[in-house]
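Let's take a walk through this model together, starting at the surface and ending among the aromatic rings. Have the structure open and turn it as you read.

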Amino acid sequence: MRHTPSTNVAEESDLGIVPMNQPNKVEGQATAEAGEGRPRAKENSSLSNMPPTQSGSSMSQGLWRVREAAKRNKKIRFNALLHHVTTSFLRDCFQTLKRQAAPGVDGVTWQEYEQDLENRLTGLQSRIHRGTYRAQPSRRVYIPKADGRKRPLGIASLEDKIVQQAVVILLEQIYEEEFLGFSYGFRPGRGPHAALDALTVSIERMPVKWIVDADIRGFFDNVDHEWVMKLVQHRVADRRILRLIHKWLKAGVSENGQWSETKMGTPQGAVVSPLIANIYLHYVYDLWVHAWRRKVARGAVVTVRYADDLVVGFQYREDAERFQKELQERLAKFGLQLNTEKTRLVEFGRWAERDRKRRGEGKPETFNFLGFTHCCGKHRKGYFALWRKTTRKRMAAKLKHIKQQLRQRRHEPIPLVGKWLQQVVTGYYNYHAVPGNLDSLALFRARLSRLWRCTLRQRGDQRKLDWKRFARVCLRYLPPPRTLHPYPYQRFNVTHPRWEPYA
């Protein structure tokens, strides 16, 4: 059932924040978020050095002042933001876009737009400020998922990407001071491995015995547009920025030349979608769970969120069961629901093996998060350790994709295919080469070698390719597995120094 947002005071207080009409220069006391009892990374809490953008130019003084105002007063509403969107700012945003990205419905590529860049950007900036800018529908494409289904993506036009990138950079100055420490998805200076490190350290340091592995059913397809606009207005009062966001939400999608209206959801693949998702879940989940674990939980509670992927650890099973029920009720208020088939309650942690053995049960269960299967294990000295292995579905999906590519490259020279595979394997290692995962990496390399050999044997001149000769080829082009990431504690302690005063 779809829930329409209302404006009564009870629901406003339920969000954990009451909007206030205040000028941008009002100052107040800032609060520090020490997610999971830890401080935020120092580089994410201050922009005093005004770091450069991806194009190399320094952040403007105006954006820095927006960041400082948001940092000083958590209740301030910004009513004048669009004047920061200048032609030079749009040029920086254009430079950050991927050169080889697929074009949108207008068919304009990055290279074509660059040919008359200054005139195009001047006209775009004028249309934005005059209110005549019109968002174009996203081009709908589908990509395969690991389970065989297809994920819909929306590819925006190039000008929409430029404007969305500008608004994202602008709003990040506000919301990076608002978001909590356990939110890691699609944020500057954070990534999936930071989330994995935080989860590992939390489970090993805290008395965690139960894990709720939560999955929100079709989150990006079920985001309520009215709630999005209502939640953004807690910090943004500039009507021109709000109109831009509303235009992107209502632009619709184009599939096989047919336009269709989007009454709900935000297209995956759009530049602005990750920020909208983080704002939505900040109010729907982050603020709520932060208050829940302080006021409701009997024992310790830890949580890590990466976009719509949630993992919550509990000391007591009663807390976990109550949380799972109340989370479902909380999401329902905002038009979302848990995927009951994928949401699981797992006994996990340093005491899981002992307790399950005492009850005559098997080994502790596992759970998946960000492409890794998390398992209960032990160090050589005998104390508890959380081990991470590449999930089987992700490895199988990657090998299936490589197999299709090898078939298309069957008759290309071996050195050319070998260099391509070298890049593929290196990229795979860069993400999955975490401590304790060498066996999975070796298995991936071995299966990839078999696929390549089978492809070569299908060529008329390579039917006598034996393993001894092929081993030399693999040794030349396929790098051996090795650990590329530090242990979670090492990297986590650097990004979360314990000497900070609010730790």
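What follows looks at a group of charges and then at pairs of aromatic rings.

Please keep in mind that this is a predicted model. Begin on the surface, where Arg151, Arg217, Lys342 and Lys393 form a positive patch. Let's pick out Arg217, one of its members. To find Arg217, follow strand S3 (210-215) and go on towards helix H8 (225-232): the residue is in the loop between the two. Is Arg217 buried or exposed? The relative accessibility of Arg217 is 33%, so the residue counts as partly exposed, because that class covers values between 20% and 50%.

Now turn to the aromatic side chains. How many aromatic pairs are there? The count is 17. One of them joins Phe94 and Tyr113, whose ring centres are 5.7 Å apart. The planes of these two rings meet at 35°, so the pair is classed as tilted. This pair links distant parts of the chain: Phe94 belongs to helix H3 (residues 87-96) and Tyr113 to helix H4 (residues 110-114), with the two 19 residues apart. Phe94 and Tyr113 are both buried.

A further pair brings together Phe314 and Phe323, with ring centres 5.2 Å apart. Their planes are at 55°, so this pair is tilted too. Both Phe314 and Phe323 are buried. You can follow the rings beyond this pair, since Phe314 and Phe323 are linked by ring pairs with Trp288 and Trp292 into a cluster.

Technical notes
Residues are numbered from 1 along each chain as its sequence is written. This is a predicted model: local features need pLDDT of at least 70, side-chain atom pairs count only at pLDDT 80 or more; totals for chains, interfaces and linings use all residues. Side-chain values use heavy atoms; hydrogens and water are left out. Patches are made of residues with over 30% relative accessible area and no salt bridge: like charges are joined within 9 Å, nonpolar side chains (Val, Leu, Ile, Met, Phe, Trp, Tyr) within 5 Å. Accessible areas come from the Shrake-Rupley method with a 1.4 Å probe; for residues, only the protein chains shown count as cover. A salt bridge is a side-chain nitrogen of Lys or Arg within 4 Å of a carboxyl oxygen of Asp or Glu. Lys and Arg count as positive and Asp and Glu as negative; His and the chain ends are not counted. The place of a charge is taken as NZ of Lys, CZ of Arg, CG of Asp or CD of Glu. Helices (H or I, at least four residues) and strands (E, at least two) are DSSP runs, numbered from the N terminus. Buried means under 20% relative accessible area, exposed over 50%, partly exposed in between (1.4 Å probe, protein chains only). Rings of Phe, Tyr and Trp (its six-membered ring) pair if their centres lie within 6.5 Å; planes under 30 degrees apart count as stacked, over 60 as edge-to-face and the rest as tilted.
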